[in-house]
Amino acid sequence: MSSPSKNSFWRRFRRNRGALFGLMVLMLVALVVAFGPLLAAHDPWDMVEQPFLQPGQQNGFALGTDTMGRDILSGVVLGARVSLLIGIVSTLVSLLIGVSIGAVAGYFGRWVDATLMRFTELFQAIPSFALAIVLVAIFEPSVKSIVAAIAIVSWPPVARLVRGEFLTLRQRDFVAAAQLSGQSTPRIILTQILPNAASPIVVMASLMVATAILLESSLSFLGLGDPNQMSWGYMVGSARTVLRQAWWMAVFPGAAIVLTVLALNLVGEGLNDGLNARLDGRR
Amino acid sequence: MNAVLQTTTEPCAQPLTGSHPMPANDPLPDTPVLEVRGLDIKLPSGGDRRLAVQGASFTLQAGQTLCVVGESGSGKSMIANAIMGLLPRPHVEPVAGQILFDGQDLLQLNEAQMRELRGHRIGMVFQEPMTALNPVMRIGEQLAEVFDAHLRLGAAEKRSRILAALADVGLPDPALLIDSYPFRLSGGQRQRVMIACAMLLEPRLLIADEPTTALDVTTQAQILKLMRELQQRRGMALLFITHDFGVVSEIADHVVVMQTGQVVEAGPARQVLSQPSHPYTQKLIAAIPQGEPVIREGEPDPLHVLQVQDLCKTYTSGGGLFRKGRQVSAAKNVNFELRRGQTLGLVGESGSGKSSVGRCIVGLAPFESGRILFKGRNLMSGAALRQQAKGKIQMVFQDPYASLNPRHRIGPTLAAGPIAQGVPRDVAMARALELLQLVGLGPEAADRFPHEFSGGQRQRIGIARALAMEPELLVADEPVSALDVSVQAQVLKLFAEVRERFQLAMVFITHDLRVAGEMCDHIAVMQRGQVVEYGPSAEVLRNPQHDYTRRLIEAIPRLNAHQD
């Protein structure tokens, strides 16, 4: 009987035109990530032509070259890998932290809840970007340290959300019934309550991927990116000094960021509509 | 009749009665307040039927009460919402027929004209008094909104009229209430406020959609009495929607019985109640629990499954690190015992502590003092009790919509408990299928999700889930109070069957003495955390000793109210 419920999810999702557009953009980005090496003619770090080539000025350099004569198209294409990788992995890590803490706090309540929430507030009290900078600066800037930094600054809202869901779901009779039948606490948390809290978590995750990409770009813009990986943020950052002479160096990677983040936000909204069965009456 | 003339002189009324032959400014004295003719209401495609209401027709005179009776899903609330213009158009909308209010077709009015009528000429009272009031507005402010929407009145006059209205519905201390927030009021008081609100502008027609279903029996009796009084005093027409024929006999002059969107029987209340002609009506009337205590033959089983001794349970609310919270005693020295195969009824109004006692017995709530003995063995409190009982104490919950996990299929739901106790998966699944058969659902139900079942079916699944653990003691917490009367009868029958078959001891928690009388061997009546009367059902019902028990018994709506 799961097929009709999936269909109705798709029907509600489709009703949101923006979400469809976002989904298409995301699929495009996914294609670029998958077939990137075929599209990118050059190593993004190699100086292959003279610097400051305008877009279309020379064959094979559709988006021009940057201040060092590196191919911008190759940079944008390969930068998608880093951005998406960091966005998705850091979101998964922060979901793991946030869902565990939120679930335990919401399920057990009382002093467990109070302690864990004070701990969460500790992280929320520090401006997240500043904390991310400090964390990356302490460790060497690398993909791993950036993922860790983004995950550490973005789990508190997840924990709050999951805790709220658990607090209400825990009161439901089906949880009491599971307790009476002697099911273990981890089992109740994982199989009884968590599936019912999944919708808001999925929606939040899609928005978190977008924020993580922005955070990574911002870090790279400040020169705190992985020095071995070309990324969109780094490209925008290195182009900022020549922004008035060579607009294309910042605009193309910048547009890539904007489009991807926008697409993720639109898809997140569509997921919200799709997973929210109550909207069904408003067809 | 003064009121009729008043309506028709309103400017909006005149151009709209063209389709109706009656001259708008001269209604005959016997013009019904409300006349519904051949009303069809369509459902969105994909619903369980095409028309929610099909060809409904009835009339309602001033000073009369018309009861629309039917089970949930029969379309009775749709009619009320259609009259008020509250249907979620365009998905659900009237497609044929007329609704004539004082000769004027409401279906032809636009939204602004309907707004003029609502609250002013037609009042409405809803089912759920707990959610009908805005929790952050004072009572007086909410009632004042009705005046603001329809009349220009000074603040002082508004206040005095609201005070009078609150006094009129029998609320104590109107001067204090007018400035209180809704959370200070009980369910019955809130429903009185809602009635005061609907009656504020002395409407010609009051629509009450199951106004007493969410209330206790005693409160229900008071509210029904109040509505009858107000109606007689004001001479208004009352359209009363209910599923309970007991309520019908208390209040109705005329009855319309609805089944799956169609009117199957209509007539004067006395006639319909005493000689129902349609089989559906007969079924509904037969389903009303009579409260005749059943005396079961045979020696009681020597084994005491449950003994509760001096059980005390207190809730502390509010309070902080340094401040003591308010203490509410949910159970004070509660004593009773239960043998195998017997049923004990815990009866009381909401807040009497009966559910708390139930939750202590199954180990969902800890208790402070006293003893709970299960087959002679002393049990700890709370989570430790659950462990000691090893799933042999089970519970059936009140709300069939919250008690099943919406994300789990029925089969795994039933099998999860036994699997957790170490039964192999395939054995547990096979047993789940057997149990589904036993509770009257086919084995194909195992692969479906809870939302595909009706309330009664879900309650059957809840019973099957409890039985899956092969319990020796079953605590049923208001298991039928969320169900329609006819479904209620079937579920009660199922309870009786499984009790016989598995020799179960049952604690049956209910607010309905009729149900308790039919189900239980013994009854314990609870009031404010204390058992005020405890004895065999027949004795408690026929010869109640305590005042409170007598009050409860008197409050039961009776079918023969009209013959008295």
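## Loops, a sheet and a helix pair in a two-chain model

B:Thr260 sits in the loop of chain B that links β9 (254-259) to β10. The structure is a predicted model. The phi angle of B:Thr260 is near 35°, which is a positive value in a residue other than glycine. B:Thr260 counts as partly exposed because 17 C-beta neighbours lie inside 10 Å, and a residue is called buried at 20 or more and exposed at 12 or fewer.

A positive phi is also found at B:Arg528, again a residue other than glycine, with a value near 45°. The loop that holds B:Arg528 runs between β19 (522-527) and β20 (530-536) of chain B. B:Arg528 has 15 C-beta neighbours inside 10 Å and therefore counts as partly exposed.

The table sets out the neighbour counts of three loop residues of chain B.

| Residue | C-beta atoms of other residues within 10 Å | Class |
|---|---|---|
| B:Thr260 | 17 | partly exposed |
| B:Arg528 | 15 | partly exposed |
| B:Ile178 | 19 | partly exposed |

B:Ile178 belongs to the loop between α7 (174-177) and α8 of chain B. Why is B:Ile178 partly exposed? The reason is the count of 19 other C-beta atoms within 10 Å, since a buried residue has 20 or more. Leaving aside neighbours within four places in sequence, the contacts of B:Ile178 are B:Ile139, B:Gly140, B:Ile162, B:Leu163 and B:Leu166. For one of these, B:Leu163, the separation from B:Ile178 is 15 residues in sequence and 7.1 Å in space, taken from C-alpha to C-alpha.

**The sheet of chain B**

Strands β9 and β10 also appear in an open sheet of 6 strands in chain B, with the order β6-β7-β8-β3-β9-β10 and mixed pairing. At the edges are β6 (122-125) and β10 (262-268) of chain B, each paired on one side only. From one strand to the next, the twist averages 15°.

Within this sheet, β3 (residues 65-69) and β8 (residues 237-242) of chain B run parallel and are joined by 5 bridges. B:Leu66 has B:Leu239 in β8(B) as its bridge partner. Helix α8 (residues 187-199) of chain B lies across β6 and β7 (205-209) of chain B, and its direction is at about 170° to β6(B).

**Where the chains touch**

Between the two chains, 27 residues of chain B are in contact with 16 residues of chain A. On the chain B side, β16 (393-396) and α15 (410-420) each supply at least two residues. The largest share, 3 residues, comes from α15(B). By class, this side of chain B has 12 nonpolar, 7 polar and 8 charged residues.

**A helix pair in chain A**

Two packed helices are described by the angle between their axes and the distance between the axes. In chain A, the axes of α2 (residues 17-39) and α10 (residues 247-275) come within 7 Å and cross at roughly 135°. That angle makes α2(A) oblique to α10(A), because angles count as roughly antiparallel over 145 degrees and as roughly perpendicular from 65 to 115. The crossing of α2(A) with α10(A) is left-handed.

Residues of α2(A) in the contact include A:Gly18, A:Phe21, A:Leu26 and A:Val29. On the α10(A) side, the residues include A:Leu259, A:Ala263, A:Val267 and A:Glu269. By class, the contact of α2(A) with α10(A) has 12 nonpolar, 4 polar and 1 charged residues.

Methods
Residues are numbered from 1 along each chain as its sequence is written. Chains are lettered from A and ligands numbered from 1 in the order in which they are written. This is a predicted model: local features need pLDDT of at least 70, side-chain atom pairs count only at pLDDT 80 or more; totals for chains, interfaces and linings use all residues. Two strands pair if DSSP finds at least two bridges between them. Helices (H or I, at least four residues) and strands (E, at least two) are DSSP runs, numbered from the N terminus. Axes are lines fitted to C-alpha atoms, for helices over the stretch in contact, and angles run from 0 to 180 degrees between N-to-C directions. Two residues are in contact if their C-beta atoms, placed from the backbone, lie within 7 Å. Ala, Val, Leu, Ile, Met, Phe, Trp, Tyr, Cys and Pro count as nonpolar, Asp, Glu, Lys and Arg as charged, and the others, Gly among them, as polar. Angles under 35 degrees count as roughly parallel, over 145 as roughly antiparallel, 65 to 115 as roughly perpendicular and the rest as oblique. A crossing is left-handed if the near helix is turned anticlockwise from the far one by less than a right angle, and right-handed if clockwise.
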